[in-house]
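Visitor: I should like a close look at the salt bridges of this structure, and at the buried acidic residues and helix contacts that accompany them. Please take me through them in a connected account.

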Amino acid sequence: MTNKVKVSNLGYPRIGKNREWKKTLEAFWSGKTDEATFRSEMAGIQLQHLLTQKEAGIELIPVNDFTFYDHVLDTAVMFGIVPPRYDYDGGDIPLELYFGMARGNARATACEMTKWFNTNYHYIVPEIGRQTPRLTENKPLAAYRFAQEQAGIEGKPVIVGLYTFLKLSKGFPSTAIADVAERFLPVYVQLLQELEAEGVAWVQIDEPAIVSGLTKDDQSLLESIYQTIAAAVPGLNIMLQTYFEAAEPLEVLFKLPVQGLGLDFVHDGGANLESIQRLGWPQDKWLGAGIIDGRNIWRSDLDAKLQLVEKLAAHVALDHMILQPSSSLLHVPVTVQGEDKLKLTVKNALAFAEEKLAELTLIGAAVSGGEASAAALAASREALAAFRALPERARQDVADQVRGLASLPDNRSLPFAERVKVQQQKWQLPVLPTTTIGSFPQTVEVRQARLKWRKGVWNQERYDLFIRKQIEEAITFQEDLGLDVLVHGEFERTDMVEFFGEKLAGYLFTRNGWVQSYGSRCVKPPVIYADIAFIEPMTVKESVYAQSLTKLPVKGMLTGPVTILNWSFVRDDLSREAVANQIALALRHEVLALENAGIEMIQVDEPAIREGLPLKAEDREHYLHWAVKSFRIATNLVKDTTQVHTHMCYSEFNDMIDSISAMDADVISIETSRSHGELIVSFEEQEYDKGIGLGVYDIHSPRVPGVEEMTSNIDRALRVLNPEQFWINPDCGLKTRGWQETEGALRNMVQAAIIAREKTKVGSR
């Protein structure tokens with residue numbers, strides 16, 4: 001029987017099975033390949049991705065999801081949206097300028113980078129000023145032609161919708177969004193008209209910003225945008241695609257003049273299905289049913305998915321239903337193939353991008369009653385049952401510790417206003433103390449040493465001696481710079497989450513489970529498959545050794561429970577709150593072990609706390625409550641004189657300042673440089689009473705900012721912050737930078753701090 005439902009994909013991982021995309025990109029940046037070679041190699045990677053999806057039986061294959069850096073940056077560049085500081089005067093946008101916007105260059109700072117909704121993917125924030133948008137190139141059309149000519153595929157162009165593009169942009173007041181949309185609409189229309197003229201059947205317009213909530217003005221704007229588009233391209237089928245949450249109110253979207261609506265039935269909490277059951281489904285629209293999880297790596301319960309399709313089919317005709325992932329597969333690794341070091345029971349429970357495509361085509365076949373699907377469904381059922389029965393997924397000792405939380409104190413023994421006095425007396429730090437966020441450059445030498453140790457070429461003793469030498473050099477380096485609070489450098493750590501996961505019970509690690517974080521930066525998230533538990537001290541050895549080399553304080557460095565949670569692939573049978581509490585209890589053991597060993601400045605980083613914030617405002621209070629609680633579980637038993645630090649990245653501070661204060665860290669460091677100091681406005685509007693370091697330079701760019709630039713950033717912060725509470729530091733760890741640029745930037749930072757201290761003395765006279 002012929003399938004009545006179509007099977008589609010929303011986006012494919014860019015990086016390749018062996019991260020060939022990353023390697024090609026970095027070879028070009030380093031000058032090892034020229035532009036022609038770069039483009040040719042990228043085209044080969046793009047073609048392979050298309051063919052993989054075609055061979056998997058995907059009928060609607062996305063095109064234009066492939067990029068050289070970031071799809072939002074692509075959209076901005078395609079419309080000629082280049083910040084004035086790059087001196088762009090029109091015409092084609094060369095790769096040098098494209099990458100300059102992403103990474104900065106000798107002339108200009110990089111564009112701001114922040115998280116793509118509540119994921120760990122980072123996008124480049126468009127800066128929309130008074131530029132007149134124009135179509136510099138029709139990238140979706142080029143991608144469509146490439147797929148057609150090279151792979152025989154009639155692709156489905158993917159475009160970031162105008163509503164979402166503007167909601168994610170900066171450079172204009174939010175009240176002016178309708179006026180800005182009016183400027184952009186002709187360019188969107190031109191782009192779509194060219195696709196229509198080419199004979200494109202379906203276009204996927206991604207509008208994930210819809211799921212964050214729609215005001216009356218938002219609804220009017222959406223209606224205006226899509227009415228204009230519908231009138232201009234009547235022959236084009238538009239799939240208005242949402243994901244990451246429920247699309248509400250759904251009845252508003254029903255009225256939009258589009259041919260299809262794509263909905264997430266995995267991360268919507270059941271709301272999308274409930275809305276369809278309550279409202280029915282408009283018979284003139286296709287449903288893009290996101291039934292396979294595009295963000296996590298577990299095998300689907302296919303019986304449950306078939307039941308979901310059956311419920312949907314009661315309202316939506318099968319010949320108007322398209323089965324697809326809940327979101328782009330950008331957020332998962334490429335394939336489980338090659339993960340031969342995993343226990344078979346666990347490996348059989350995993351599904352990466354290729355396996356998810358197979359699940360989709362299997363469900364499509366099963367919906368049509370195909371006999372061949374029965375055996376595959378039975379095998380999937382058995383694999384899940386075996387995995388769920390693993391004893392480490394239900395540890396009694398962990399359950400007992402979690403229950404014991406109710407009897408433990410919820411706060412530090414002294415409030416901050418009193419703690420800070422005893423800490424000042426203990427540490428005797430200068431005004432505007434300088435420090436770094438934690439990591440120092442992970443050179444080729446460091447990575448090769450770790451590889452030799454992991455492969456058994458080096459024994460533990462030789463590797464430990466190597467790490468000690470790196471720590472010694474880092475301490476000497478920091479003392480020479482004149483920093484006030486030091487770090488050991490984290491040379492023994494591959495990744496700030498993986499390192500801890502390797503030392504905790506309940507984690508497993510893939511061989512090639514890489515995903516893109518930003519640009520060529522790929523991460524291999526560890527996998528929480530069972531209950532989390534502390535085994536033995538994880539960081540004490542290196543921290544104690546570093547402290548033995550200097551009289552200056554050395555911070556112990558940990559990753560916080562919410563970041564470990566958000567930067568892992570997490571088991572899907574427990575709530576995220578429950579898993580966070582397990583991690584926090586394990587980290588509490590480590591915090592107390594550091595303190596008992598004499599390390600009494602301890603930084604528990606939470607760079608990912610904001611990315612876990614629910615997209616819907618009504619769900620945020622509950623999340624922030626348990627996120628704050630988990631941090632305090634990990635840290636609140638230390639002595640009053642022990643100074644707890646934390647670090648956050650890319651956080652819009654003003655809408656969660658109360659929760660951040662409630663974490664009760666003595667010092668927080670937070671990124672401000674890449675957002676060009678905009679975060680400082682938060683402190684003009686709200687008071688923050690604890691220690692704070694606003695990163696004075698951007699570590700994600702290879703450029704070395706001058707003393708004057710950093711001094712300006714410090715001066716701007718001190719206009720709204722008390723010098724007694726202000727720390728001076730980079731905006732993030734220095735792992736990805738080279739030693740030469742690290743030294744140059746930190747020397748300038750220390751010099752800027754000295755200048756600021758002198759100004760503070762003058763101002764206090």
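Guide: The account below begins with the salt bridges, continues with two aspartates and ends with two helix pairs. The model is a predicted one.

The structure contains 39 salt bridges. One of them joins Lys 17 to Glu 354, with 3.4 Å between the closest N and O atoms. Lys 17 belongs to the loop between strand S1 (6-7) and helix H1 (20-29), and Glu 354 to helix H13 (residues 353-367), so this pair ties together parts that are 337 residues apart in sequence. The two partners can be described by their accessibility: Lys 17 is partly exposed, at 37% relative accessibility, while Glu 354, at 14%, counts as buried, because buried means under 20% relative accessible area.

A further salt bridge is formed by the side chains of Glu 127 and Arg 85, at 2.8 Å from N to O. Here Glu 127 is in the loop between strand S4 (122-124) and H5, and Arg 85 is in the loop between helix H3 (71-78) and helix H4 (95-103), so parts 42 residues apart in sequence are tied together. Glu 127 is buried at 14% relative accessibility, and Arg 85 is partly exposed at 26%.

Arg 412 and Asp 666 also form a salt bridge, their closest N and O atoms being 3.3 Å apart. The loop between H15 and helix H16 (416-427) holds Arg 412, and the loop between helix H24 (657-662) and strand S19 (667-670) holds Asp 666, so the pair ties together parts that are 254 residues apart in sequence. Both Arg 412 and Asp 666 are buried. Elsewhere, salt bridges link Arg 393, Asp 531, Arg 571 and Asp 573 in a network.

Asp 268 presents another situation: this residue is buried yet has no salt bridge. The nearest side chain of opposite charge is that of Lys 305, 8.7 Å away. Asp 268 is located in the loop between strand S8 (260-264) and helix H10 (271-279). Its side chain reaches the backbone nitrogen of Asn 272 at 2.8 Å. Apart from neighbours within four places in sequence, Asp 268 is in contact with Glu 245, Ala 246 and Leu 273.

Asp 218, in helix H8 (residues 216-232), is likewise buried, with a relative accessible area of 7%. A polar atom of the Asp 218 side chain lies 3.0 Å from the backbone nitrogen of Thr 215. With neighbours within four places in sequence set aside, the contacts of Asp 218 are with Tyr 163, Lys 167 and Gly 213. The C-alpha atoms of Asp 218 and Ala 178 are separated by 8.9 Å, the two residues being 40 apart along the chain.

Two helix pairs complete the account. The axes of helix H5 (residues 139-151) and helix H7 (residues 177-198) come within 9 Å and cross at roughly 25 degrees, which means that H5 is roughly parallel to H7. Pro 140, Leu 141, Tyr 144 and Arg 145 of H5 make this contact with Leu 191, Glu 194, Leu 195 and Glu 198 of H7. For helix H15 (residues 396-403) and helix H22 (residues 576-596), the axes come within 10 Å and cross at roughly 85 degrees; H15 is therefore roughly perpendicular to H22. In this pair, Val 398, Gln 401 and Val 402 of H15 meet Gln 582, Leu 585 and His 589 of H22.

Technical notes: Residues are numbered from 1 along each chain as its sequence is written. This is a predicted model: local features need pLDDT of at least 70, side-chain atom pairs count only at pLDDT 80 or more; totals for chains, interfaces and linings use all residues. Side-chain values use heavy atoms; hydrogens and water are left out. Helices (H or I, at least four residues) and strands (E, at least two) are DSSP runs, numbered from the N terminus. Buried means under 20% relative accessible area, exposed over 50%, partly exposed in between (1.4 Å probe, protein chains only). Lys and Arg count as positive and Asp and Glu as negative; His and the chain ends are not counted. A salt bridge is a side-chain nitrogen of Lys or Arg within 4 Å of a carboxyl oxygen of Asp or Glu. A polar contact is a pair of N or O atoms within 3.5 Å; within protein, one must be able to donate a hydrogen and the other to accept it, and residues adjacent in sequence count only if both atoms are side-chain atoms. Contact means heavy atoms within 4.5 Å. Axes are lines fitted to C-alpha atoms, for helices over the stretch in contact, and angles run from 0 to 180 degrees between N-to-C directions. Angles under 35 degrees count as roughly parallel, over 145 as roughly antiparallel, 65 to 115 as roughly perpendicular and the rest as oblique.
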